[in-house]
Amino acid sequence: MTQYPHDEFDDVPEDGPRQGAHRGVLPTVRVGARELTAILLAGALTLGVGVFSFLNAPGEAAPAPGVTSPGP
């Protein structure tokens with residue numbers, strides 16, 4: 001194993017208060033009334049657009065001009 005020269009980072013107390021200093025505290029997720037309202041409104045609007053598009057879609061696409069359907 002390669003030996004590196006001693007530097008300032010080697011002088012860390014074993015039972016010091018900092019552990020895992022490279023990782024921050026995970027923030028708790030808090031969704032307020034405004035955020036929740038915006039999420040629900042966006043979902044309802046998306047659902048409404050989908051229902052509107054479904055109900056107003058043509059029932060059956062007409063065949064392209066010049067295309068004949070196979071006979072019996």
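**Close-ups of a one-helix chain**

**View 1. The whole chain, with one helix and zero strands.** What you have here is a predicted model. The protein chain runs to 72 residues, and buried ones make up just 1% of them. Its accessible surface comes to about 7800 Å², and carbon and sulfur atoms account for 63% of that.

**View 2. Helix 1, residues 33-56, from end to end.** How far apart should the ends be? With 24 residues at 1.5 Å a residue, helix 1 should span 34 Å. The C-alpha atoms at its ends do sit 34 Å apart, so the expected and modelled spans agree. Now look at how much cover this helix has: of its 24 residues, the number buried is zero, so helix 1 lies largely in the open.

**View 3. A nonpolar patch on the surface.** Five residues come together here: V29, V31, L36, I39 and L40. Together they offer about 530 Å² of accessible area. Pick out L36, one of the patch members, which has its place in helix 1. Is L36 buried, partly exposed or exposed? Its relative accessibility is 45%, so L36 counts as partly exposed, since that class runs between the 20% limit for buried and the 50% limit for exposed.

**View 4. A negative patch on the surface.** This one is made by D7, E8, D10 and D11. Where does D11 lie? You'll find D11 in the segment before helix 1. D11 has a relative accessible area of 54%, and because exposed means over 50%, D11 is exposed.

Methods
Residues are numbered from 1 along each chain as its sequence is written. This is a predicted model: local features need pLDDT of at least 70, side-chain atom pairs count only at pLDDT 80 or more; totals for chains, interfaces and linings use all residues. Side-chain values use heavy atoms; hydrogens and water are left out. Patches are made of residues with over 30% relative accessible area and no salt bridge: like charges are joined within 9 Å, nonpolar side chains (Val, Leu, Ile, Met, Phe, Trp, Tyr) within 5 Å. Accessible areas come from the Shrake-Rupley method with a 1.4 Å probe; for residues, only the protein chains shown count as cover. A salt bridge is a side-chain nitrogen of Lys or Arg within 4 Å of a carboxyl oxygen of Asp or Glu. Helices (H or I, at least four residues) and strands (E, at least two) are DSSP runs, numbered from the N terminus. Buried means under 20% relative accessible area, exposed over 50%, partly exposed in between (1.4 Å probe, protein chains only). The expected span of a helix is 1.5 Å times one less than its number of residues. Lys and Arg count as positive and Asp and Glu as negative; His and the chain ends are not counted. The place of a charge is taken as NZ of Lys, CZ of Arg, CG of Asp or CD of Glu.
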